[in-house]
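Here's a quick briefing to go with the model you have open. Take a look at the structure first, then we'll walk through it topic by topic.

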Amino acid sequence: MAFGDILYIIAMFLFAFITFGIVKNYYKSKFDDEGRRIDMQDEVAKEEKQD
């Protein structure tokens with residue numbers, strides 16, 4: 001196996017790992033621990049305060 005092939009494989013693993021981390025952190029910031037959307041909770045909380 002040539003050095004370029006090994007470098008290419010390492011780059012693909014790093015790309016997949018970094019992409020997975022970005023997607024995981026994106027969804028982690030959008031949902032709370034119970035799986036509810038954080039931005040939707042804010043709207044519901046505001047409506048309950050107005051009533």
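Is Y27 buried, partly exposed or exposed? Y27 is partly exposed, because its relative accessible area is 46%, and that falls between the 20% limit for buried and the 50% limit for exposed. Keep in mind that this is a predicted model.

**The chain overall**

- On the secondary structure side, you get 2 helices and 0 strands in the protein chain.
- The protein chain has 51 residues, and 0% of them count as buried.
- Its accessible surface adds up to about 5100 Å², with 64% of that belonging to carbon and sulfur atoms.

**Aromatic rings**

- Searching the whole structure turns up 2 aromatic pairs.
- One of them is Y26 with Y27, an edge-to-face pair with 5.2 Å from centre to centre and 80° between the planes.
- Y27 also pairs with F31, this time stacked, at 6.2 Å centre to centre with 20° between the planes.
- The stacked label fits because planes under 30 degrees apart count as stacked, while edge-to-face needs over 60.
- Put together, Y26, Y27 and F31 make one aromatic cluster.
- As for Y27's partners, Y26 has a relative accessible area of 45%, so Y26 is partly exposed.
- F31 comes in at 30% relative accessibility, so F31 is partly exposed too.

**The salt bridge**

- Here's the general idea: side chains of opposite charge can pair when their charged atoms come close.
- The count for this model is 1 salt bridge.
- The partners are R36 and E34, and their closest N and O atoms sit 2.8 Å apart.
- That makes the cut, because a salt bridge calls for the nitrogen to be within 4 Å of the carboxyl oxygen.
- E34 is exposed, because its relative accessible area is 60%.
- R36 has a relative accessible area of 43%, so R36 is partly exposed.

**M1 and the nonpolar patch**

- M1 sits in the segment before helix 1, and that helix covers 3–30.
- With a relative accessible area of 79%, M1 is exposed, because exposed means over 50%.
- If you skip the neighbours within four places in sequence, M1 is in contact with I6 and I9.
- M1, I6 and I9 also belong to a nonpolar patch on the surface.
- The other members of that patch are Y8, I10, M12, F13, L14, F17, I18 and I22.
- Together, the patch residues have about 1200 Å² of accessible area.

How values were computed: Residues numbered from 1 in each chain as written. Predicted model: local features only at pLDDT ≥ 70, side-chain atom pairs only at ≥ 80, totals over all residues. Heavy atoms only, no water. Patch = residues over 30% accessible without salt bridge, like charges linked within 9 Å, V, L, I, M, F, W, Y side chains within 5 Å. Areas by Shrake-Rupley, 256 points an atom, 1.4 Å probe, with all protein chains shown as cover. Salt bridge = Lys/Arg side-chain N within 4 Å of Asp/Glu carboxyl O. Helix = DSSP H or I, 4+ residues; strand = E, 2+ residues; numbered from the N terminus. Buried < 20%, exposed > 50% of the residue type's maximum accessible area, 1.4 Å probe, protein only. Contact = heavy atoms within 4.5 Å. Phe/Tyr/Trp six-rings, centres within 6.5 Å; stacked < 30°, edge-to-face > 60°.
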